[in-house]
Amino acid sequence: MQGLSVETLTGSCLPIYINGTYRTSEGGRIDSYDPTTGQVWCQVPDCTDAEVDAAVSAARAAMSDPEWRDMTQSQRGLLMLRLAELVEANVERIAEVEVQDNGKLLREMRALSQALPVALRYYAGMADKIEGTTIPVNKPDMLNFTVREPLGVVAIIIPWNSPLYMMMRALAPCLACGNAVVVKPSEHASAGAVVFAELMKEAGFPDGVFNVITGLGQTAGNALITHPGVNKIDFTGGPATGKVIAKGAAEQLTPAALELGGKSPHVVCDDADLDAAANGVVAGIFAAAGQTCVAGSRCFIQENVYDAVVEKIVEKARAITIGDPRRDDVQLGPLALWSQVEKVAEFTESAKAQGATLAFGGGRPDGLGDGWYVEPTIFTNVTNDMRIAREEIFGPLLAILKFRDDEDLMQQANDSDFALASGIWTRNIQRALRFMRRIEAGMVWINTYRSPSVMSPSGGHKDSGYGKHNGFAAIEEFSRIKTVVIDYSGAQQDAFVMRVNK
Ligand code: TXE
């Protein structure tokens with residue numbers, strides 16, 4: 001099967017990819033929708049337990065096949081560079097498929113697709129630089145060193161908002177470390193991973209190193225995370241599902257990295273460049289229609305500039321062009337799922353009922369047919385105990401809160417179940433750095449927002465999960481340390497006493 005694209009996949013049921021071959025699944029069928037029309041565009045198989053088992057077995061077999069197991073680190077890096085070239089040549093095709101599935105802006109998905117070869121090249125360069133250490137253990141004539149090994153089979157479970165971008169954060173370091181993977185994309189956006197398999201084959205990765213099974217979380221997803229052949233689970237998704245995954249993983253004592261949701265504080269201080277800050281706040285919540293785990297959905301504005309900044313934010317929201325995500329002039333596309341449209345509506349009602357002021361939006365735009373569009377929505381006079389300030393919504397809904405001084409800010413900003421991202425706009429470096437130290441978040445952006453890098457570790461804590469993507473931290477996440485001790489003294493040891501440090 002070559003050249004899978006929106007055209008060739010429309011009206012079909014996606015294949016799955018196991019052991020280097022596309023197959024037709026024997027499982028049930030799930031409808032996959034085009035969010036711009038609300039119509040089914042293709043179907044996704046709900047893989048059977050036997051198919052999940054076949055994918056994990058293929059990955060296990062690849063791990064013991066000398067072709068992959070004994071491939072040198074530099075050769076692995078070269079394969080990754082070859083893959084990077086192929087992905088680069090297919091950026092447009094990948095972006096189009098992803099937009100078809102999740103309705104995000106084509107410009108955004110193109111940028112995220114362009115980031116895929118960047119990640120591959122970054123980790124390709126790392127493949128032959130993954131080193132152990134030599135440890136001076138205070139014992140004469142003893143050599144103690146460590147080596148880093150692949151973990152084995154890694155299950156990568158990804159959501160619908162940025163499927164391949166999320167997949168690549170785990171896949172690239174996994175390949176660099178020499179693991180084999182089974183990817184389970186979201187049932188709402190599976191086409192990207194299926195198309196990607198074609199490029200893995202063409203790049204020349206041995207069969208079984210990369211597998212894609214599709215299906216529902218409760219069926220195919222559950223069969224994957226509880227499979228005894230899986231050595232690590234990498235999950236990106238919602239906090240409720242994250243807890244289910246952690247329990248399933250615990251049954252098998254399988255380690256997991258979980259990147260879950262957020263309710264990230266985005267702060268505007270009175271000494272900030274207020275125009276730049278207002279722009280940053282708008283970008284932090286309305287880009288990707290708020291469907292990003294790092295969305296700056298809880299905006300804190302200092303009380304003495306509150307009204308002025310709110311006015312600027314509302315003005316910018318009013319100017320947003322909503323429409324077909326494939327158009328270059330559009331800034332806000334539809335939401336990926338109808339359930340997300342309902343979720344935003346429910347939170348809008350809850351905010352009104354709890355006494356917040358609707359400053360903009362709050363409904364669905366006219367004249368856009370049956371697409372799943374929602375207006376950019378802004379609530380002011382929000383307090384930190386309201387549901388819109390506490391729960392992840394994952395839509396274009398901004399909650400604006402007020403703070404008095406830095407102490408008040410820290411109290412409110414850290415009063416959250418989540419700890420993923422954060423941002424602050426200020427010209428005062430002391431203020432920015434004090435915030436950086438005290439904020440409970442895995443990432444802090446100062447005078448910018450939503451600017452990640454593959455070279456920079458990312459991930460949160462509290463209900464935002466655990467584990468790291470990106471940077472060398474991801475190499476540590478997807479490899480393990482083995483400790484080696486050599487006694488070259490030639491002396492016999494006391495057989496009945498452990499040779500601890502004395
Ligand atoms: O995600 P799920 P959903 C948040 C966002 C959204 C909410 C629900 O708030 O409203 O999560 O979205 C698989 N065993 N985020 O329901 O359920 C599932 O098939 C194994 C934040 O779409 O978390 C899919 O592949 N797998 C987020 C993946 O988990 C299971 C991005 C994610 O689905 C499973 C998306 C199970 N028992 C949503 N149940 C972010 N952090 O970026 C589900 N899955």
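This report looks at the ligand site and at helix α5 in a predicted model.

Residues are numbered from 1 along each chain as its sequence is written, and side-chain values use heavy atoms, without hydrogens or water. Local features need pLDDT of at least 70 and side-chain atom pairs 80 or more, while totals for chains, interfaces and linings use all residues.

**Around the ligand**

Let's start with the shell, where a residue counts as near if one of its heavy atoms lies within 4 Å of the ligand. There are 27 such residues, and W160, K184, E187, G238 and K343 come nearest. By class, twelve are nonpolar, ten polar and five charged; here Ala, Val, Leu, Ile, Met, Phe, Trp, Tyr, Cys and Pro count as nonpolar, Asp, Glu, Lys and Arg as charged, and the others, Gly among them, as polar.

The table gives polar contacts (pairs of N or O atoms within 3.5 Å).

| Side chain | Distance to a ligand oxygen atom |
|---|---|
| W160 | 2.5 Å |
| K184 | 2.6 Å |
| Q340 | 2.7 Å |

Taken alone, the ligand exposes 820 Å², and the protein buries 87% of that (Shrake-Rupley method, 1.4 Å probe).

**Helix α5**

Now to α5, which covers residues 91–102; helices are DSSP runs (H or I) of at least four residues, numbered from the N terminus. Its twelve residues should span 16 Å at 1.5 Å a residue, and the end C-alpha atoms are 16 Å apart, which agrees; the expected span is 1.5 Å times one less than the number of residues. Ten of the twelve residues are buried (under 20% relative accessible area, 1.4 Å probe, protein chains only), including R93, E98 and D101. After α5 comes G103, with a positive phi near 70°.

Methods:
A polar contact is a pair of N or O atoms within 3.5 Å; within protein, one must be able to donate a hydrogen and the other to accept it, and residues adjacent in sequence count only if both atoms are side-chain atoms. Helices (H or I, at least four residues) and strands (E, at least two) are DSSP runs, numbered from the N terminus. Buried means under 20% relative accessible area, exposed over 50%, partly exposed in between (1.4 Å probe, protein chains only).
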